[in-house]
Structures are given as C-alpha cells and as structure tokens.
Amino acid sequence: MDLDKLLEIRRTYRSFDEGKTISKEDAEKIIRAEKFASRGANRQTLRYAVVRNKDLVNKITDNAKWAGKIPNDKGRPQIGKRPVMYILVYTDNSAYSKVDAGLAISNMTLKAMDLNIGSCILAAINKKEISKLIQEPEGYELMLAIAFGYPAHKSEIIEAKDDKLDYTRDENGDYKVERTATERLFKIYE
C-alpha cells in the first residue's frame with residue numbers, strides 16, 4: 001500500500017468484525033514489524049504478550065476504557081464487534097522506554113493497517129486485573145494494550161474549526177476526528 005494512503009487510513013478503530021480472525025501469519029507480520037523500530041541507545045526496553053485466545057481477549061476488552069470522550073457503554077465494542085487480538089506492551093521504565101514504545105507501536109499498527117487490520121491503542125486499562133490474566137515479564141510492568149481486528153466502521157480526520165478538539169460518532173457509527181491544521185502546529189525557520 002502507498003505510504004501516504006496508509007498514514008491516512010491508519011486511524012483508531014473501536015469496532016471490529018469479531019467473526020473475522022487474524023491469521024497466525026498476519027499476526028506474525030505485525031509482530032515482526034516491531035523489530036524495525038528505532039530504539040534509544042539500541043536498548044531493548046520493551047516486552048510483549050500477544051493474546052489471541054478469545055476468552056482472554058474478551059476479558060481484556062472488559063478491563064479497558066474505550067473512547068475517553070464517549071460514555072464507555074457507547075464507546076466499548078459490543079458483542080460481535082470486539083477485537084480479536086491484543087498485544088500487551090510492557091516497559092522497564094527506563095529513560096527511553098516510552099519513546100521506544102511509541103516507535104514500536106507505530107510500526108506494528110502501520111503494518112496491521114497495511115494488512116487491512118485496524119487497531120486501537122488503549123492506555124486506560126485495568127492493569128491490576130489484566131496482570132491477573134497474563135503474567136508480566138520479570139522486571140517489566142504493563143504499559144498499555146493494543147487491540148486489533150478488521151474494522152467495522154470508518155474513521156475520518158476533519159479539520160478543527162477552533163482549539164476545542166473532539167471526536168464524535170455519526171448515525172452509522174463512524175468516527176469524525178478533529179485535528180488542528182498542520183500549519184498551526186509547526187513553526188518553520190528558513
């Protein structure tokens with residue numbers, strides 16, 4: 001897929017086709033994309049757990065806050081629309097780990113979208129409950145979860161009219177996400 005198109009369509013998806021599983025081969029491609037992420041001082045500050053077991057996936061889904069600006073009963077995926085895979089991201093909390101995580105997550109979610117698989121990065125998770133389900137690697141703590149599945153809605157970027165950024169769902173359940181105009185974000189010195 002063309003990189004510009006991939007960047008445009010790689011959005012946050014909160015509703016998936018739960019009947020369509022991600023193949024083991026595609027999951028491995030997403031996982032492999034992490035290897036190509038840049039790292040601070042080439043340290044290996046992260047660990048991961050890939051969760052494909054349906055019962056565990058559903059329990060993780062129930063222990064996450066979806067769509068912070070939308071009531072959780074409306075933002076959380078309903079039965080039949082839940083993700084089919086998670087990658088849990090663990091950090092050693094070193095100086096580089098959060099930057100490393102951002103770079104690695106970007107690679108994995110871009111690769112997923114290249115395979116027509118959507119994702120949602122979830123930081124508002126019940127770490128205590130999830131850690132009861134999935135054992136944390138020694139010396140690491142759960143940072144966030146990335147949900148994956150085939151998107152069941154559209155997500156579109158629209159230019160914000162003012163500094164009040166928001167996202168909404170329309171009558172079809174599709175997301176409209178406001179963004180500040182690029183020229184307002186960058187100061188260019190020539």
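This short presentation describes a four-stranded sheet, the helices that pack on it, and one threonine in helix 5.

Good morning, colleagues. Please bear in mind throughout that the model is predicted.

I begin with the sheet. It is open, has four strands in the order 1-2-4-3, and its pairing is antiparallel. At the edges stand strand 1, residues 46-51, and strand 3, residues 118-122; each has a single partner strand, so one side of each is left without a neighbour in the sheet. On average, and with direction ignored, neighbouring strands are turned by 20 degrees against each other.

Let us look at one pairing in detail. Six bridges join strand 1 to strand 2, residues 85-91, in the antiparallel sense. Within this region, tyrosine 48 has valine 89 of strand 2 opposite it.

Next, the helices. Helix 2, residues 24-33, packs on the sheet and touches strand 1, strand 2 and strand 4, the last comprising residues 141-149. The direction of helix 2 makes about 25 degrees with that of strand 2. Helix 5, in turn, lies across strands 1, 2, 3 and 4, and runs at about 10 degrees to strand 4.

Helix 5 spans residues 97-114 and contains threonine 109, to which I now turn. Is threonine 109 buried or exposed? Its relative accessible area is 2%; because the cut-off for buried is under 20%, threonine 109 counts as buried. Which residues does it contact, leaving aside its neighbours within four places in sequence? These are Arg10, Ser119, Ile146 and Phe148. With arginine 10, the side chain of threonine 109 forms a side-chain polar contact of 2.7 Å.

Thank you for your attention.

Methods
Residues numbered from 1 in each chain as written. Predicted model: local features only at pLDDT ≥ 70, side-chain atom pairs only at ≥ 80, totals over all residues. Heavy atoms only, no water. Helix = DSSP H or I, 4+ residues; strand = E, 2+ residues; numbered from the N terminus. Buried < 20%, exposed > 50% of the residue type's maximum accessible area, 1.4 Å probe, protein only. Polar contact = N/O pair within 3.5 Å; in protein donor to acceptor, adjacent residues only side chain to side chain. Contact = heavy atoms within 4.5 Å. Pairing = 2+ DSSP bridges. Axes fitted to C-alpha atoms, helices over the stretch in contact; angles between N-to-C directions.
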